[in-house]
Amino acid sequence: MLDKNFCTLKPYKSLEELLTKELFFSKSLIKKFLSKRKLQYSLKERDEILIPYEILNSGYINPVYSGEEIQVLKEDENFIAVNKPAGIHGHAHNYSETNTVLNFIRSEKNFPVFLQKSAEAESNLLYRLDRETSGVLIFAKNMKSFKSVRGSFAESAKEKTYLAVVSGKFDQEGDHEHYLESFGEKGSKMRTSESGNKKVRIATKLVNYNSEKDISLLEVRLGQGVRHQIRCQLSAIGFPILGDDLYGGQLSERLFLHAYKYKIELDSSSFEAESKEEKLFLSLFDLNSCL
């Protein structure tokens with residue numbers, strides 16, 4: 001996208017003053033795309049200035065999608081569920097990004113809610129999946145449904161089931177509860193702790209064991225859900241996910257965590273989507289025969 005030229009109608013002591021006090025862009029936003037030197041540049045009447053598209057279109061979803069085709073799993077009047085590939089984000093962090101699930105939906109669908117400016121980057125995304133995680137990802141198609149579900153997600157999300165591949169024969173079936181806390185640079189990682197504000201829970205079940213490769217396919221049911229919860233908790237019980245080197249897993253083609261099924265309830269209706277199609281999982285296990 002090309003940047004845009006503007007002509008000032010009056011003088012400003014700095015470009016930053018124009019952008020923040022006249023055009024109401026946040027300081028944190030403009031500092032991402034303009035250097036300190038440029039922001040301090042003084043402006044005279046009728047000066048021409050160049051404003052990056054990332055600033056002008058902040059809050060909007062770029063209608064260009066540059067990634068691989070994404071499968072739409074299910075759609076009704078309130079929600080749309082897609083099969084998110086591993087290796088891409090669910091939403092963009094700025095307008096210049098074009099390889100996210102939201103870019104795909106915006107390029108393929110003309111739902112009014114995705115055409116509007118949003119203060120939240122997620123833009124009607126009901127929950128997040130890590131970039132490395134594949135599977136079911138659900139968006140609300142209108143603000144009423146989004147606010148209803150997000151306002152009480154713990155009650156609205158009736159099922160959150162994942163598939164994970166771990167090394168060895170899994171022997172830790174059942175419920176696992178831990179206190180989790182963030183640590184590391186900018187809280188980039190989670191770890192278990194002796195105490196905390198609230199315990200989190202996962203329930204694990206062995207689905208299949210591949211003796212030739214010495215790996216296990218697990219079904220993991222998620223409780224309330226916090227960042228990196230499944231990855232951290234499986235590592236804590238001695239079975240880090242295959243490909244999850246951040247939590248002690250063996251190196252592999254990808255992180256083998258997949259959102260298999262989500263069920264959302266809204267008022268008296270429900271929306272359920274599942275994904276059994278993930279090529280690297282299928283190279284290890286036949287998901288249709290296992291589940």
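A residue is called buried when its relative accessible area is under 20%, exposed when this area is over 50%, and partly exposed in between (1.4 Å probe, protein chains only). The structure described here is a predicted model, in which local features need pLDDT of at least 70 and side-chain atom pairs count only at pLDDT 80 or more, while totals for chains, interfaces and linings use all residues. Residues are numbered from 1 along each chain as its sequence is written, and side-chain values use heavy atoms, with hydrogens and water left out.

The protein chain contains ten helices and twelve strands. These elements are DSSP runs numbered from the N terminus, a helix (H or I) having at least four residues and a strand (E) at least two. The C-alpha trace of the chain spans about 75 × 40 × 35 Å along its principal axes. Of its 291 residues, 47% count as buried.

A search of the whole structure gave zero disulfides, a disulfide being a pair of cysteine sulfur atoms within 2.5 Å. In general terms, such a link is a covalent bond between the sulfur atoms of two cysteines. Cys232 is buried, with a relative accessibility of 4%. Cys7, at 45%, is partly exposed.

Side chains of opposite charge can pair when their charged atoms come close. The structure holds 13 salt bridges, each defined by a side-chain nitrogen of Lys or Arg within 4 Å of a carboxyl oxygen of Asp or Glu. One of them joins the side chains of Lys109 and Glu75, with an N to O distance of 3.1 Å. Lys109 belongs to the loop between helix H5 (101-108) and strand E5 (134-140), and Glu75 to strand E3 (residues 71-75), so this salt bridge ties together parts that are 34 residues apart in sequence. Both partners are partly exposed: Lys109 has a relative accessible area of 23%, and Glu75 has one of 34%.

Another salt bridge is formed by Asp130 and Arg231, at 3.0 Å from N to O. Asp130 is placed in the loop between H5 and E5, whereas Arg231 is part of helix H8 (residues 229-236); the pair therefore connects parts that are 101 residues apart in sequence. Arg231 is buried, with a relative accessible area of 4%, while Asp130 is partly exposed at 22%.

In the salt bridge between Lys261 and Glu274, the closest N and O atoms are 3.7 Å apart. Here the partners come from two strands, Lys261 from E11 (residues 257-266) and Glu274 from E12 (residues 269-274), so the parts tied together are 13 residues apart in sequence. Lys261 is buried, with a relative accessible area of 16%, and Glu274 is partly exposed at 34%. Asp130 and Arg231 also belong to a network with Glu132 and Asp244, joined by salt bridges that share partners.

A patch of positive charge on the surface is made up of Lys13, Lys21, Lys27, Lys31 and Lys36. Patches consist of residues with over 30% relative accessible area and no salt bridge; like charges are joined within 9 Å, and nonpolar side chains (Val, Leu, Ile, Met, Phe, Trp, Tyr) within 5 Å. Lys and Arg count as positive and Asp and Glu as negative, whereas His and the chain ends are not counted. The place of a charge is taken as NZ of Lys, CZ of Arg, CG of Asp or CD of Glu. Accessible areas come from the Shrake-Rupley method with a 1.4 Å probe, and for residues only the protein chains shown count as cover. Within the patch, Lys36 lies in helix H3 (residues 36-39) and is exposed, with a relative accessible area of 64%.

Two residues other than glycine were found with a positive phi angle, Arg46 and Asp214. For Arg46 the value is near 70°. This residue is located in the loop between H3 and strand E2 (48-51), and is exposed at 64% relative accessibility. For Asp214, phi is about 55°. Asp214 sits in the loop between strand E9 (200-210) and strand E10 (215-222), where its relative accessibility of 37% makes it partly exposed.

Leu255 is located in the loop between H8 and E11. With a relative accessibility of 6%, Leu255 is buried. Its C-alpha atom is separated by 17 Å from that of Thr161, and the two residues are 94 residues apart along the chain.
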